Protein chains: 2
Amino acid sequence: MLKGNAMVGQSGGPTTVINASLAGVIKGAFEASEIQTIYGAEHGITGVLDEKFVNLSERFADPAQLELLIHTPAAYLGSCRYKLPKEFNEVFEKVFQVFKKYNIAYFFYIGGNDSMDTVHKLSQYAKMTGYPINIIGVPKTIDNDLAITDHTPGFGSAAKYIASSIREVARDAQVYDSNTVTIIEIMGRNAGWLTAAAALARTDNEAAPHLIYLPEIAFDVDKFLADVEKVSKKYKNVIAVVSEGIKTKDGLYVCEGATANIVDSFGHKQLSGTARVLADLIHQKFGWKVRSIELSLLQRCAAHIASLTDVTEAEQIGTAGVKAAIRGETGMMMYFKRVSEKPYKVEILSHDISTIANVEKIVPNEWINKEGNDILQPALDYMLPLIQGESTAFFENGLPVYLKR
Amino acid sequence: MLKGNAMVGQSGGPTTVINASLAGVIKGAFEASEIQTIYGAEHGITGVLDEKFVNLSERFADPAQLELLIHTPAAYLGSCRYKLPKEFNEVFEKVFQVFKKYNIAYFFYIGGNDSMDTVHKLSQYAKMTGYPINIIGVPKTIDNDLAITDHTPGFGSAAKYIASSIREVARDAQVYDSNTVTIIEIMGRNAGWLTAAAALARTDNEAAPHLIYLPEIAFDVDKFLADVEKVSKKYKNVIAVVSEGIKTKDGLYVCEGATANIVDSFGHKQLSGTARVLADLIHQKFGWKVRSIELSLLQRCAAHIASLTDVTEAEQIGTAGVKAAIRGETGMMMYFKRVSEKPYKVEILSHDISTIANVEKIVPNEWINKEGNDILQPALDYMLPLIQGESTAFFENGLPVYLKR
């Protein structure tokens with residue numbers, strides 16, 4: 001049984017619940033007699049290289065602070081986009097020198113695809129050099145695009161925010177008695193999970209959003225215009241949801257000028273998002289009032305409307321990661337296995353990370369309708385349990401209270 | 001004492017609490033023995049002209065439905081942007097024919113500046129023709145730009161959403177250890193109240209947002225770039241908030257090409273928002289990662305994080321409007337008078353609408369700092385009571401539940 005200190009880092013784009021996972025790791029470390037002190041590496045693996053640490057054992061000695069951390073969005077320790085080199089070079093040497101210096105026997109990394117690559121490489125290097133350390137990946141990404149796991153922590157809260165906001169925006173956009181089209185753009189370059197979550201807004205049997213376009217299906221501008229025209233005959237105020245990553249069959253992003261031959265006055269490509277380009281096309285073709293809305297960062301940090309299921313699971317999977325490491329596991333990612341649909345129930349297990357790192361899980365084709373402009377019931381059945389329960393964020397002075405550094 | 005039926009309409013851009021005011025009017029009508037049936041005009045005054053009504057007495061016979069209406073964002077009756085003609089022509093004749101046909105003795109109109117103009121003209125026409133009807137305006141606008149009233153229903157909830165969201169986005173935008181600038185664009189063409197509300201995010205003593213630009217102050221692009229550079233020396237991740245309506249000293253909207261001589265590749269004016277233009281400028285000048293976020297419709301319909309103070313007051317001012325009409329008042333707008341600061345307390349009074357219609361109340365100069373890039377404490381003291389308390393929206397299946405038509 002390894003004994004020593006532990007270190008944890010956060011990496012990649014933050015989420016609403018990445019700090020809940022951090023809190024879970026800290027709690028797990030507090031409970032483990034094998035772990036003396038737990039350090040937080042600032043800005044992910046770059047904090048290890050730069051020896052920038054927070055002593056989390058001291059910082060979170062007060063349980064109330066840990067409770068506040070659970071509800072605080074964005075990466076408390078800071079994040080990075082740093083990817084380790086392909087060769088086991090001096091960067092690895094440096095990381096393990098630091099591990100040795102601080103007597104690190106356990107390393108936990110909370111992140112998405114790229115971060116799991118880091119876990120993979122570090123654990124391989126440790127095995128190769130015989131350095132005694134157990135390294136575990138804790139999954140995190142709003143994009144829900146990690147392999148093996150039923151879903152990723154962060155997805156449920158983003159999905160809840162997206163569905164709630166679209167339900168509200170649809171109400172607002174439908175007050176006028178004239179033709180309007182509102183296009184809402186959702187994150188997810190290659191995987192359409194979050195865009196699909198927009199359909200949850202309809203679980204009260206309202207019709208909006210009327211059209212949903214995922215990046216998994218090649219986007220056809222003419223088909224899109226025809227779709228909008230068709231819907232507009234039944235609903236004067238059309239609500240369409242698009243992924244930021246939709247591409248034409250030629251592989252061109254819509255936001256990068258796929259429509260350049262149609263919108264010839266469109267000069268400054270970087271300035272325009274996907275929704276904006278499409279809204280402009282609609283306006284040009286039909287003359288209707290249009291509006292484009294990007295949910296942008298809002299969708300990944302709205303802790304005030306986090307999914308309690310997501311928050312709880314995110315914390316649990318962090319703690320489970322520590323337990324797995326203590327058991328002697330290394331080079332593994334923790335994941336959720338859905339063991340029951342009704343009632344929804346997951347188990348937290350671990351899986352060899354080499355088959356997870358750098359693999360993207362996209363929305364299966366059979367969950368998308370034939371027209372390619374909506375999702376099907378199995379996708380809703382899959383997502384609905386993940387947005388259940390409301391976060392119990394604290395409010396003070398009328399605003400949600402988050403932890404200070 | 002007039003006896004007969006009542007009619008109510010909603011007009012202008014919807015808000016999170018305009019339906020709470022509608023519920024207040026309905027409750028007031030239910031309590032008044034002088035009112036037999038209350039009708040809702042669909043899409044504001046155009047619903048009167050088209051005789052498109054909802055029988056609200058029937059629709060809301062069940063108090064649970066009325067309770068749900070209170071928490072439902074956007075105009076339940078639909079809205080319009082219709083402005084009555086300047087001359088008392090056949091349009092007025094038609095309106096009053098309809099009033100007569102349906103035995104309307106009380107008319108309530110919930111809206112902003114333009115809607116108060118409608119109330120003003122209709123009440124003048126009634127006086128001129130001797131038609132027995134009492135007409136009352138119930139204020140509504142997220143922009144908070146109505147004269148006489150301390151604040152408008154709708155502002156507090158939008159302010160709460162803006163401050164909460166910016167607090168969350170600031171967390172997210174500050175996770176990286178490299179220079180970034182995030183520019184957030186807020187509604188309010190001429191009045192900067194909502195933009196000022198961004199400063200409420202700092203009431204927990206965090207530094208973000210670091211810069212706030214209101215439309216009341218002429219915007220200087222060079223000064224802005226210098227401001228951002230200065231802040232970046234202390235904070236690597238700069239958060240700046242701008243009103244959609246900021247203009248240069250020459251009166252050009254920033255979003256309409258005020259920067260055209262600087263960004264010569266900027267071809268398609270309508271495609272770009274203010275924040276996007278400024279983010280692009282920053283990127284060009286400093287090469288930093290930038291992000292622009294428009295809160296768009298989200299800020300006026302986020303009922304899931306409505307201010308309970310706002311919701312409650314919006315309902316109360318609706319009911320007060322009915323009571324004023326029953327007392328015999330007409331051509332008046334209801335308004336809030338702040339009678340105590342600590343504790344915050346308002347009285348609901350009525351005021352001759354002729355001095356309110358078409359007047360815009362902007363943020364006073366003495367509440368803006370000398371640099372023109374932030375607001376001062378009195379503005380915070382004024383706004384803070386308006387965002388207090390959390391709405392008690394119902395959740396079902398993980399999402400907020402709103403009333404169906």
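**Exercise 1. The contact between the chains**

Work out how many residues of chain A and chain B are in contact in this predicted model, and which elements of chain A take part.

*Solution.* Start with the count, taking two residues to be in contact if their C-beta atoms, placed from the backbone, lie within 7 Å. With that cut-off, 58 residues of chain A meet 58 residues of chain B.

Next, assign the chain A side to its elements. Two or more residues come from each of α7 (155-173), α10 (274-286), β9 (289-294), α11 (298-301) and β13 (399-400) of chain A. The largest share belongs to α7(A), with 10 residues.

Finally, sort this side of chain A by class: 27 residues are nonpolar, 18 are polar and 13 are charged.

**Exercise 2. The symmetry**

Find the operation that superposes chain A on chain B, and say how the two copies are related.

*Solution.* Superposing chain A on chain B takes a rotation of 180° with 0.0 Å of shift along its axis, and the RMSD is 0.0 Å. The two copies are therefore related as by a two-fold rotation axis. Now check the surfaces: 100% of the contact residues of chain A recur in chain B, so the same surface serves both copies.

**Exercise 3. Inside one chain**

Locate the domains of chain A and describe the contact between them.

*Solution.* First, read the assignment: domain 1 of chain A covers 4-154 + 303-359 + 388-400, and domain 2 covers 156-301. Then take their C-alpha centres, which lie 34 Å apart.

For the contact, domain 1 of chain A gives 19 residues and domain 2 of chain A gives 15 residues. On the domain 1 side, the classes are 8 nonpolar, 8 polar and 3 charged.

Definitions and conventions. Residues numbered from 1 in each chain as written. Chains lettered and ligands numbered in written order. Predicted model: local features only at pLDDT ≥ 70, side-chain atom pairs only at ≥ 80, totals over all residues. Least-squares fit on C-alpha atoms with pLDDT ≥ 70 in both. Helix = DSSP H or I, 4+ residues; strand = E, 2+ residues; numbered from the N terminus. Nonpolar A, V, L, I, M, F, W, Y, C, P; charged D, E, K, R; others polar. Domains from an automatic or database assignment.
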